[in-house]
Amino acid sequence: MKHDELIKLAIEAKKLAYAPYSKFKVGAAILTNDGEVFTGCNIENSSYSLTICAERVAIFKAYSMGKKKFKSIAVVSDSKNYISPCGACRQVLMDLAGGELEVILANSKGEAKVLRLSELLPFPFGSKDLKRKKKK
Ligand code: THU
């Protein structure tokens, strides 16, 4: 799938954002290795910290359908700037998709920038760090 197509699906998903507090709508579309796309939008909460970002909605939807291998994720907003995943989303994406994930950032001017997740989150914490040594 071309980047443009994934961006279009993210733009569609953005329309469903529930962002009455920030008024900042975000859409995401994640592409699995087998060519399926799962979309997400941000869903805010009156208890602000319970808000969930578009990226996590997208990958959790995919994961909950048994999809565990991913190629790329597109992230869009209405801003003329590129919107880059927040720290929490970077950590979740790293754990569930890995550093090779292609992150496609698109702005409202129709431009896109592509990075690897490992560039956005270098030297990550991960499951490898939780491996304990056996007790004697
Ligand atoms: N947000 C996302 O959904 N993804 C991002 O990459 C950045 C921020 C949401 C969270 C909140 O609903 C609104 O944008 C403003 O922070």
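**How do we know? Gly99 and the ligand**

Q: In this predicted model, what makes us say that Gly99 is in contact with Met94, Arg116, Leu117 and Ser118?
A: Contact means that heavy atoms lie within 4.5 Å. Leaving aside neighbours within four places in sequence, Gly99 is in contact with Met94, Arg116, Leu117 and Ser118.

Q: How far apart are Gly99 and Leu117 in sequence and in space?
A: Along the chain, 18 residues separate Gly99 and Leu117, while from C-alpha to C-alpha they are 4.8 Å apart.

Q: Why is Gly99 called buried?
A: The label buried means under 20% relative accessible area. Gly99 has 17% relative accessibility, so it counts as buried.

Q: Where in the fold does Gly99 lie?
A: You'll find Gly99 in the loop between α3 (87-97) and β4 (102-106).

Now let's turn to the ligand.

Q: What makes the pairing of Asn42 with the ligand a polar contact?
A: The cut-off for a pair of N or O atoms is 3.5 Å. A polar side-chain atom of Asn42 lies 2.9 Å from an oxygen atom of the ligand, so the pair qualifies.

Q: How do you know that Glu44 and Glu55 make polar contacts too?
A: For Glu44, a side-chain N or O atom is 2.5 Å from an oxygen atom of the ligand. For Glu55, the distance from a side-chain N or O atom to a ligand oxygen is 2.5 Å. Both pairs are within 3.5 Å, so they count.

Q: How much of the ligand's area does the protein bury?
A: Taken alone, the ligand exposes 370 Å², and the protein buries 79% of that.

How values were computed:
Residues are numbered from 1 along each chain as its sequence is written. This is a predicted model: local features need pLDDT of at least 70, side-chain atom pairs count only at pLDDT 80 or more; totals for chains, interfaces and linings use all residues. Side-chain values use heavy atoms; hydrogens and water are left out. Helices (H or I, at least four residues) and strands (E, at least two) are DSSP runs, numbered from the N terminus. Buried means under 20% relative accessible area, exposed over 50%, partly exposed in between (1.4 Å probe, protein chains only). A polar contact is a pair of N or O atoms within 3.5 Å; within protein, one must be able to donate a hydrogen and the other to accept it, and residues adjacent in sequence count only if both atoms are side-chain atoms. Accessible areas come from the Shrake-Rupley method with a 1.4 Å probe; for residues, only the protein chains shown count as cover.
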